[in-house]
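Biologist: Could you take me through one part of this model in some detail? I'd like a close look at the surroundings of the ligand, and then how that part sits in the rest of the chain.

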Amino acid sequence: MRVDAPLAETIRFDVLTIFPELLDSPLKEGIIRRAQEAGQIGIVCHNIRDYALDKHAMTDDRPFGGGEGMVMKPEPLAAAVQAVQAMAPQPGRVILLSPQGRPYTQAVAEELSGYARLLLVCGRYEGVDERFIAQYVDEEISIGDYILTGGELAAMILIDSIARLRPGVLGCADSAGYDTFSRGGLKFPQYTRPRLFEGLAAPEVLFSGNHAEVAEWRFIASVERTMRKRPDLVVGLRFSPNELKILQRQGLLAKLRESGWKSQSEN
Ligand SMILES: C[S@@+](CC[C@H](N)C(=O)[O-])C[C@H]1O[C@@H](n2cnc3c(N)ncnc32)[C@H](O)[C@@H]1O
């Protein structure tokens, strides 16, 4: 499916791994479990060993040229991708989890949430034979500049972050729209009962019952904390004309400009 096409009713994740049990528990809890039960997402784990060609079900071998560790053999991976693709009418986008891939962000999660089917291939050891990547992988994705022992946790991170963007998966339809990163900056601070905790009072405005005042306070708090905690995100902030007026009135526009922010017309 193209990402600009209408959203399919469900998204199907196929995870290809030599340790399928690793994903058992996270897939059986909370929102991800409920979304599967409701048919909003589908997740199928496949053991790459089932596609190994030799009698010992070998999925790895020593690297050509010598050196440390083992490399995942291309044939079991290729056979697994081919077989898994054939299990559903629509072929999926093949993603290899890899520290050398495109850095994963909320924007990438949003992009991938538009696909009807994703095949997530989990590497192990020193990684996978380069020829498998050349022939079968549409894209490599990295969850950060550090090295994991395998791609399973990274695959789980993709599933979790993509699933919650799908229609109906979150209990409250609006909540993803105000999340940190969804509009470029950080979400406003949140408070719940008790009103006074260890001498610290929750902000008075939140009890005013005035929705417009609460919304403005939250907007300003969100901009201020983005400037303080993640100044690197400031340049990417985008504001509506009304928000710009609020920022001007609160004296924040000048501070934003000092931090490198420019309006869209200046960009
Ligand atoms: C030990 S790593 C291999 C690292 C490889 N030797 C290198 O230096 O690029 C084994 C597997 O874990 C997964 N992995 C490790 N770090 C990752 C990351 N930051 N993002 C996504 N997957 C990762 C990949 O599937 C990788 O093939």
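**Around the ligand**

Modeller: Sure. Strand 5 gives the largest share of the shell around the ligand, with four residues. Keep in mind that this is a predicted model. In total, 20 residues surround the ligand, and the closest are L97, G123, L148, G151 and A154. By type, the shell splits into nine nonpolar residues, nine polar ones and two charged ones.

Let's stay with strand 5, which covers residues 93-103. Strand 5 runs parallel to strand 7, and five bridges join the two. L97, one of the closest residues to the ligand, has I141 in strand 7 as its bridge partner.

Zoom out a bit and you get the sheet: five strands, open, parallel in pairing, in the order 2-1-6-5-7. Strand 2 (41-47) and strand 7 (139-142) are the edges, each pairing on one side only. On average, neighbouring strands here are turned by 35° against each other, ignoring direction. In general, strands of a sheet pair through backbone hydrogen bonds, either parallel or antiparallel.

Next, what lies across the sheet. Helix 3, residues 74-85, crosses strand 1 (11-17), strand 2, strand 5 and strand 6 (117-122). Against strand 1, helix 3 runs at about 160°. Strand 5, then, is lined up with strand 7, is one of the strands under helix 3 and supplies four residues to the ligand shell.

A loop worth a glance is the one between helix 4 (106-112) and strand 6, where you'll find G114. G114 has 18 other C-beta atoms within 10 Å, so it counts as partly exposed; 20 or more would have made it buried. G114 also sits 9.3 Å from L165, C-alpha to C-alpha, although the two are 51 residues apart in sequence.

Now for the whole protein. There are two domains, domain 1 spanning 11-163 and domain 2 spanning 196-266. Their centres, taken over C-alpha atoms, are 39 Å apart. Overall, the secondary structure amounts to nine helices and nine strands. Along the principal axes, the C-alpha atoms fill a box of roughly 70 × 45 × 40 Å. Of the 267 residues, 23% are buried. As for contacts with a separation of 6 or more, 77% are between residues 24 or more positions apart.

Technical notes: Residues are numbered from 1 along each chain as its sequence is written. This is a predicted model: local features need pLDDT of at least 70, side-chain atom pairs count only at pLDDT 80 or more; totals for chains, interfaces and linings use all residues. Two strands pair if DSSP finds at least two bridges between them. Axes are lines fitted to C-alpha atoms, for helices over the stretch in contact, and angles run from 0 to 180 degrees between N-to-C directions. Two residues are in contact if their C-beta atoms, placed from the backbone, lie within 7 Å. A residue is near a molecule or strand if its C-beta atom, placed from the backbone, lies within 6 Å of it. Ala, Val, Leu, Ile, Met, Phe, Trp, Tyr, Cys and Pro count as nonpolar, Asp, Glu, Lys and Arg as charged, and the others, Gly among them, as polar. Domain bounds come from an automatic or database domain assignment. A residue is buried if 20 or more other C-beta atoms lie within 10 Å of its own, exposed if 12 or fewer, and partly exposed in between; C-beta atoms are placed from the backbone.
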